[in-house]
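Me: I'd like a close look at one part of this model, followed outward into whatever surrounds it. Could you take me through it in one connected answer?

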Amino acid sequence: MVEGVLTKMQVQYHRQSPVDYFLSFENSFIHLNQFIGQHILIEPQGCQCLGCHKTFTPDDVPFFFRRGYCGTCFSKRPEIGDWVISPELSQSHLDIEDRDLAYEKKYQLQPHMVYLAATSKIKVGVTRKENAIIRWVDQGAKQAIELLEVPNRYLAGITEVALKKYYSSATPWQQMLKGEDIDVDWAKEKSRALELIPNQVKKYINPAKPKPTEVYYPIKTKPTKPKSLSIDFLKNGQTPIEGSLQGIRGQYLLFDDQRVFNVRRHEGFKVKISVKI
């Protein structure tokens, strides 16, 4: 048994074999792949803010918790500013502060990539260049390509905004988990997308023929009608989540009986995890 605060699963990418998934806690970690096919028990214990580390009881959680942060941290911490979800709102390149200019310059003023990824459909997205493959894995993409690399988050953001008129920016999680992967002519798709980007970023286009990154996931059985599991203290107290682990894709644990658990959605939840042999 291990106990700790959930954060998004850490991943190790392999070119021709399934991604390795890990849950990391303060004093321990779990390599989840080895438990596929076994019975997993997740027992909720309350929450702990990822920012200030204040703990909350189940009675507190519905009123004070959001995206793993307490209300105070959610409104003040620089790592969850609006520019994180909406890159086009980045302003550090103009020396304009949102919450912490030094922090924002560190993350916004570095190479960013605009990409296309295939889950159950083609989507457009933005990520720091150094984080690209991890980003694709977290979204459950089967394939992905780089469209262009720009020197800051703002330029990536305005490119994404332009392309969102033609491509989705969200991942349909149910279709993705069912494994409804699509075949894509990436050369044709890249050519189409690059015709739609703002003139301001066209000088950053890489003319090379796209070579898609392939991602393989450790899955024994795919769900056909995925049903979301959640820890909802307000409705069910501390009811545990349990079942036979059938696979992992994106940030989802796939259980038997079509049930799936989004680990990232539950960041900050304190849990005990055990395996029934």
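What relative accessibility does Lys276 have, and what does it count as?

Reply: Happy to. This is a predicted model, in which local features need pLDDT of at least 70 and side-chain atom pairs count only at pLDDT 80 or more, while totals for chains, interfaces and linings use all residues. Residues are numbered from 1 along each chain as its sequence is written, and side-chain values use heavy atoms, with hydrogens and water left out.

Lys276 has a relative accessibility of 45%, so it counts as partly exposed. That class sits between buried, under 20% relative accessible area, and exposed, over 50%, using a 1.4 Å probe and protein chains only. Lys276 belongs to strand 17, residues 269-276. Strands here are DSSP runs of E with at least two residues, helices are runs of H or I with at least four, and both are numbered from the N terminus. Beyond its neighbours within four places in sequence, Lys276 makes contact (heavy atoms within 4.5 Å) with His39, Leu41 and Glu242. Looking back 11 residues along the chain, the C-alpha of Arg265 is separated from that of Lys276 by 25 Å.

From here we can follow the strand into the interior. Strand 17 supplies at least two residues of the largest nonpolar core, as does each of strand 3 (20-24), strand 5 (39-48), strand 8 (69-70), helix 2 (71-76), strand 14 (241-249) and strand 15 (252-255). Such a core is a set of buried Ala, Val, Leu, Ile, Met, Phe, Trp, Tyr and Cys residues joined through side-chain atoms within 4.5 Å. This one has 36 residues, and those touching the most other members are Tyr21, Leu23, Ile42, Leu253, Phe255, Phe261 and Ile273. Leu253 is a good example: with sequence neighbours within four places set aside, its contacts include Met9, Leu32, Ile42, Leu245, Phe261 and Val263.

The search for cavities leads to some of these residues again. Over the whole structure, 1 cavity of 30 Å³ or more turns up, and the largest cavity holds about 30 Å³ of space. A cavity is a set of points, on a 1 Å grid over the protein atoms alone, where a 1.4 Å probe fits but cannot get out, and lining residues have an atom within 4 Å of a point. Points are joined across faces, edges and corners, with the volume being the space filled by probe spheres set on them. The lining consists of Leu23, Leu32, Ile40, Ile42, Leu245, Leu253 and Ile273. By class, that is 7 nonpolar, no polar and no charged, where Ala, Val, Leu, Ile, Met, Phe, Trp, Tyr, Cys and Pro count as nonpolar, Asp, Glu, Lys and Arg as charged, and the others, Gly among them, as polar.

One more stop, in the loop between strand 15 and strand 16 (259-262), is Gln258. Gln258 has a positive phi of about 70 degrees although it is not a glycine. Its relative accessible area is 25%, so Gln258 is partly exposed. His53 also has a positive phi, near 70 degrees, without being a glycine, and His53 lies in the loop between strand 5 and strand 6 (55-56).

Conventions:
On a 1 Å grid over the protein atoms alone, a cavity is a set of points where a 1.4 Å probe fits but cannot get out, and a pocket is an open set with protein on both sides within 12 Å along at least five of seven lines; lining residues have an atom within 4 Å of a point.
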